[in-house]
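Colleague: I'd like a close look at one part of this model, the spot where the ligand sits. Could you walk me through it?

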Amino acid sequence: MARVETPAARARRFAKETHLGLVRRARKIDRVLADTYPDAHCELDFQNPFQLLIATVLSAQTTDVRVNMTTPALFAKYPTPEDLAAANPEDVEQILKSLGFFRAKTKSVMGLSVALRDEFGGEVPPSMDKLVTLPGVGRKTANVVLGNAFGVPGITVDTHFGRLVRRFGWTQETDPVKVEHEVGELIPRKDWTMLSHRLIWHGRRMCHSRRPACGVCPLADLCPSYGEGPIDAEEARKLVKDGPPN
Ligand code: SF4
């Protein structure tokens, strides 16, 4: 019969981990998540970089599902930055109404479109330096766009990603830029975009901020935070969400 590791023995195992051990464990976690979520991908619908940029900005404080229900009407009426920049704000507000904060979001996407039209010839620039000059675009949004619309590897540090990498003991940092750099040291650059999707999927489905489903988690043996949520399989199973809730 397999010996059960006590919490104290487990804590000792992670406490004496070397940097090389940490790198190996981080890559193993990524492999296990790749097997667990072979379909992980950006959950926002888009057909071009402009659409992804707008959808990412709209996704603040709401769900990707809700954004996906809203953007087809928006892009049908305003397919280009020029169209959206010249829109009547009240018409845009009407389309974005179900998203919450729709007045602020209307201002954001229209301001963004004006900047794209006036400073970038109506094209989304494929570089971090330029993307972050756009109003309302930070590194997180820029990395989503670079990774998913341009194929440039990027680490997207959203709330799920930050929580999970701290639970994994990959970093203690809370500043997203520092998190991005520390995680970037552990995982090969080519894997950054998919790593981001996998962690976000795991955070949405199993490793919740409150009550993670530790008892059925495929990372149980690799995670120093195992036990933060219920370890009883029955109880943990009830916490697993199939779809993208947030
Ligand atoms: S063992 Fe628990 S805390 Fe660790 S990744 Fe799994 S669900 Fe999250």
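Which of the 14 residues around the ligand come nearest?

Modeller: Keep in mind that this is a predicted model. Of the 14 residues around the ligand, the ones that come nearest are Cys207, Pro212, Cys214, Cys217 and Cys223. Sorted by type, the shell has 10 nonpolar residues, 2 polar ones and 2 charged ones.

The four cysteines in that list also turn up in the record: an unreviewed UniProt entry gives Cys207, Cys214, Cys217 and Cys223 under "binding site". They are spread over 17 residues of sequence, but no two of their C-alpha atoms are more than 11.0 Å apart, so they gather at one spot.

Let's take Cys207 to begin with. You'll find Cys207 in the loop between helix 12 (192-205) and helix 13 (233-237). Cys207 counts as buried because it has 25 C-beta neighbours inside 10 Å, and the cut-off for buried is 20 or more. Leaving out residues up to four places away in sequence, Cys207 touches Leu164, Arg167, His202, Pro212 and Cys217. Two of those names, Pro212 and Cys217, are also on the list of residues that come nearest to the ligand.

Now for Cys223. The loop between helix 12 and helix 13 holds Cys223 too. With 22 C-beta neighbours inside 10 Å, Cys223 also counts as buried. If you set aside its neighbours within four places in sequence, Cys223 is in contact with Arg167, Phe168 and Cys217. So Arg167 and Cys217 are contacts of Cys207 and of Cys223 alike, because both names appear in each contact list.

While you're in that loop, have a look at Arg211, which is also found between helix 12 and helix 13. Its phi is near 55°, a positive value in a residue other than glycine. Most residues other than glycine have a negative phi. Arg211 is partly exposed, with 14 other C-beta atoms within 10 Å. Gln61 has a positive phi as well, near 60°. Gln61 is in the loop between helix 3 (49-58) and helix 4 (64-77), and with 10 other C-beta atoms within 10 Å it counts as exposed.

Now the setting. The protein chain has 13 helices and 0 strands, and its C-alpha atoms fill a box of roughly 70 × 35 × 25 Å along the principal axes. Of its 246 residues, 36% count as buried. Among contacts between residues at least 6 apart in sequence, 57% join residues at least 24 apart. The unreviewed UniProt entry also annotates residues 58-205 as "domain: HhH-GPD". That span is 64% helix and 0% strand, and its end C-alpha atoms lie 22 Å apart.

For a helix from inside that span, try helix 6 (residues 89-96), where Val92, Ile95 and Leu96 are buried. Seen down the helix axis, these buried residues fall within an arc of 90°, so they line one face of helix 6. What covers them includes helix 4 and helix 7 (102-119). The face turned away from the buried side carries the exposed residues Glu90, Asp91 and Gln94.

How values were computed: Residues numbered from 1 in each chain as written. Predicted model: local features only at pLDDT ≥ 70, side-chain atom pairs only at ≥ 80, totals over all residues. UniProt positions renumbered as here; feature names shortened; annotations may be inferred. Helix = DSSP H or I, 4+ residues; strand = E, 2+ residues; numbered from the N terminus. Near = placed C-beta within 6 Å. Nonpolar A, V, L, I, M, F, W, Y, C, P; charged D, E, K, R; others polar. Buried ≥ 20, exposed ≤ 12 C-beta atoms within 10 Å, placed from the backbone. Contact = placed C-beta atoms within 7 Å. Arc of directions from axis to C-beta.
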